[in-house]
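Got your viewer open? Load the model and keep the selection box handy; we'll go stop by stop.

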Amino acid sequence: MAGAERFVIEDMNVDGHNDIRMLSDMPFHYQNNPYYYWMYNKTKGIFVEDTILRGITSPDFDKGNKTITSYWIEGSEVYGNNTYKFIKGKLTLIQSTDVNVYWGGKKN
């Protein structure tokens, strides 16, 4: 990911209605961009804060596959991504990839 958008309007929970997310702060590693989320509640006709997605950093919402991929980094040697999907209304981790890079070729 090249960077973070500060304010985004898009359908994030794949219910056919646009939702809102706003960058909560700018971390040192650009891959760990945290957001605040508000989902549109059709019944109430308002946006409601969503705390379930708050732990997902640098999200990429794939509407075709109905998935959310989170990109993260922990220093110069460990990074990866997690892919989630709403299954029966519950956010579920469906794939996780961790990459460990050990400079010098050996793991301690």
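Start by selecting E10: is this residue buried or exposed? E10 has 14% relative accessibility, so it counts as buried; here buried means under 20% relative accessible area, exposed means over 50%, and partly exposed is in between, with a 1.4 Å probe and protein chains only.

Before moving on, two notes on the ground rules. This is a predicted model, where local features need pLDDT of at least 70 and side-chain atom pairs count only at pLDDT 80 or more, while totals for chains, interfaces and linings use all residues. Residues are numbered from 1 along each chain as its sequence is written, and side-chain values use heavy atoms, with hydrogens and water left out.

**Stop 1: around E10**

Keep E10 on screen and add R21. The two form a salt bridge, with the closest N and O atoms 2.7 Å apart; the term stands for a side-chain nitrogen of Lys or Arg within 4 Å of a carboxyl oxygen of Asp or Glu. E10 lies in strand 1 (residues 7-10) and R21 in strand 2 (residues 19-23), so this pair ties together parts that are 11 residues apart in sequence. Strands here are DSSP runs (E, at least two residues), numbered from the N terminus. R21 is buried too, with a relative accessible area of 6%.

Now add K63. K63 forms a salt bridge with E10 as well, the closest N and O atoms being 3.0 Å apart. This pair links distant parts of the chain: K63 sits in the loop between strand 5 and strand 6 (67-74), E10 in strand 1, and they are 53 residues apart. K63 is partly exposed, at a relative accessible area of 40%.

How many salt bridges does the structure hold? There are 3. To see the one you haven't visited, select R54 and E49, whose side chains meet at 2.2 Å, N to O. R54 counts as partly exposed at 32% relative accessibility, and E49 is partly exposed with a relative accessible area of 44%. Back at the earlier stop, shared partners join E10, R21 and K63 into one network.

R21 has another contact to show you. Add Y35: R21 lies over the face of its ring, at 4.6 Å from the ring centre. The cut-offs for a charge over a ring are NZ of Lys or CZ of Arg within 6 Å of the ring centre and within 35 degrees of the ring normal.

**Stop 2: the sheet of strands 1 to 4**

Switch to cartoon view. Strands 1-2-3-4, in that order, form an open sheet with antiparallel pairing; two strands pair if DSSP finds at least two bridges between them. Strand 1 and strand 4 (46-50) stand at the edges with a single partner strand each, so one side of each is left without a neighbour in the sheet. On average, neighbouring strands of this sheet are turned by 25° against each other, direction ignored. The axes behind that angle are lines fitted to C-alpha atoms, and angles run from 0 to 180 degrees between N-to-C directions.

Select strand 3 (residues 35-41) together with strand 4: they pair in the antiparallel sense over 5 bridges. For a landmark, pick Y37, which stands opposite D50 in strand 4.

**Stop 3: ring pairs**

A search of the whole structure finds 3 aromatic pairs. Rings of Phe, Tyr and Trp (its six-membered ring) pair if their centres lie within 6.5 Å; planes under 30 degrees apart count as stacked, over 60 as edge-to-face and the rest as tilted. Select Y36 and W38 for a tilted pair, 6.4 Å centre to centre with 55° between the planes. Y36 is partly exposed at 33% relative accessibility, and W38 is partly exposed at 24%. Then try Y40 and F47, an edge-to-face pair at 5.3 Å centre to centre and 65° between the planes. F47 counts as partly exposed at 39% relative accessibility.

**Stop 4: the sheet of strands 5 to 8**

Swing round to the other open sheet, where 4 strands run in the order 5-6-7-8 with antiparallel pairing. Its edge strands are strand 5 (59-62) and strand 8 (90-100), each pairing on one side only. Neighbouring strands are turned by 20° against each other on average, direction ignored.

Strand 7 (residues 78-87) and strand 8 pair over 10 bridges in the antiparallel sense. Click G80 and look for its bridge partner in strand 8, which is D98.

Last pick: S70, in strand 6. What does its side chain reach? The backbone oxygen of T57, at 2.8 Å. S70 counts as buried, at 3% relative accessibility.

Key. A polar contact is a pair of N or O atoms within 3.5 Å; within protein, one must be able to donate a hydrogen and the other to accept it, and residues adjacent in sequence count only if both atoms are side-chain atoms.
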